[in-house]
Amino acid sequence: GKVIQFNYTNPEANKYVLSVVSPDNTVFTINFSRTNINTVSSGSQTNSVHTYSYTLDSVKNQSNEITEFEYTSFVEDYHYIRYTILWDGNQHVATIPQDAIYNIPRCLLTKVTYPTGSHTVYTYQKTALHKSYIDNDKYNKFYTVSSRTFYETASNTNPINRTTFEFAQAN
C-alpha cells in the first residue's frame, strides 16, 4: 500500500520541523517556533507564569517553494475582578471586589511572503471588549484585521489589491 510518513524533529532550541513525505518521496515541510513569554499576574497576589506562543515560520512544498510568515508579538494586560469573601464564623460579613491583572501574550500575523516574492500585509485594530468593574479606564481588548494588502513583488510599494474590514460590537 501507499504510505504517508510524518517526521517531527527539534533541530535547535524552540525550533520545530514537521516533514510530510508522500508515497512518491516528495516532502512537504512545516517549520514553526516556540517563543517563551514570562507573564506576571498581579493584584492582591503576584505569581510568575511561564507561557509559550507557537508561530508558523514557513512552509516548503514538494517543489521546494517556500512561503514565509511574520508576526508581531507582545504582552498586554487583561483586567478581571477577583472577589475576597469575608466570614465571621458562619456568617458572611462582606464581599470585596479587587481589580486584578493578568498579562496575556498576543501574536498577530503581519505578513505572508509567497514563493514568487509577492506578499500580503495585515494590519489590525484594537477594540475594547468591556470595562473593568473597578476602574472604567481599564479595558480588555481584542484584535480584528482592519486591512489586508497584496503586493505583487517584494520591492513593489504599490498594492495590487487592498481590502479593509470593519467590525461592529454588539451591545
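**Exercise 1. Place Y83 and describe its surroundings on the surface.**

Step 1. Y83 sits in strand β5, which covers residues 66-88. The model used here is predicted.

Step 2. Consider accessibility. The relative accessible area of Y83 is 52%. Exposed means over 50%, so Y83 counts as exposed.

Step 3. Look for partners. Y83, I85 and W87 make a nonpolar surface patch of about 380 Å².

**Exercise 2. State the overall fold content and how far the model can be trusted.**

Step 1. Count the elements. There are nine strands and zero helices in the protein. Along the sequence the pattern reads β-β-β-β-β-β-β-β-β.

Step 2. Check burial and surface. The protein has 171 residues, and 26% of them count as buried. About 11500 Å² is exposed, with carbon and sulfur atoms supplying 50% of that area.

Step 3. Check contacts across the sequence. Take the contacts with a separation of 6 or more: 42% of them join residues 24 or more positions apart.

Step 4. Read the confidence. Mean pLDDT is 81, and 80% of the residues reach 70 or more. Strand β2 (residues 15-21) has the highest confidence, at 95, while β3 has the lowest, at a mean of 76. In residues 41-46 the pLDDT is below 50, yet this stretch has 15 contacts in the model beyond near neighbours in sequence.

**Exercise 3. Find the aromatic pairs and classify two of them.**

Step 1. Search the whole structure. Four aromatic pairs turn up.

Step 2. Take Y8 and Y16. Their rings lie 5.9 Å centre to centre, with 15 degrees between the planes, and the pair is stacked. Planes under 30 degrees apart count as stacked.

Step 3. Compare the accessibility of the two partners. Y8 is exposed, at 53% relative accessible area, whereas Y16 counts as buried, at 10%.

Step 4. Take Y114 and F150. Here the centres are 6.3 Å apart and the planes make 45 degrees, a tilted pair. Y114 is in the loop between β6 (91-113) and β7 (119-131), and F150 is in strand β8 (residues 139-151), so this pair ties together parts 36 residues apart in sequence.

Step 5. Add their accessibility. Y114 is partly exposed, at 27%. F150 is partly exposed too, at 28%.

Step 6. Look for a cluster. Ring pairs link Y8, Y16, F32 and Y54.

**Exercise 4. Find the salt bridge and explain what it joins.**

Step 1. Count. The structure holds one salt bridge.

Step 2. Name the partners. The side chains of D57 and K15 meet at 3.9 Å, N to O. The cut-off is within 4 Å.

Step 3. Place them. D57 lies in strand β4 (residues 47-60) and K15 in strand β2, so the bridge ties together parts that are 42 residues apart in sequence.

Step 4. Check accessibility. D57 has a relative accessible area of 22% and is partly exposed. K15 is partly exposed as well, at 34%.

**Exercise 5. Is T29 buried or exposed, and which residues does it touch?**

Step 1. Locate T29. This residue is found in strand β3 (residues 27-42).

Step 2. Apply the cut-off. T29 has 10% relative accessibility. Buried means under 20%, so T29 counts as buried.

Step 3. List the contacts. Neighbours within four places in sequence are left aside. T29 is then in contact with V17, L18, S19, S58, V59 and K60.

Methods: Residues are numbered from 1 along each chain as its sequence is written. Side-chain values use heavy atoms; hydrogens and water are left out. Patches are made of residues with over 30% relative accessible area and no salt bridge: like charges are joined within 9 Å, nonpolar side chains (Val, Leu, Ile, Met, Phe, Trp, Tyr) within 5 Å. Accessible areas come from the Shrake-Rupley method with a 1.4 Å probe; for residues, only the protein chains shown count as cover. Helices (H or I, at least four residues) and strands (E, at least two) are DSSP runs, numbered from the N terminus. Buried means under 20% relative accessible area, exposed over 50%, partly exposed in between (1.4 Å probe, protein chains only). Rings of Phe, Tyr and Trp (its six-membered ring) pair if their centres lie within 6.5 Å; planes under 30 degrees apart count as stacked, over 60 as edge-to-face and the rest as tilted. Contact means heavy atoms within 4.5 Å. pLDDT is the predictor's confidence in each residue, from 0 to 100.
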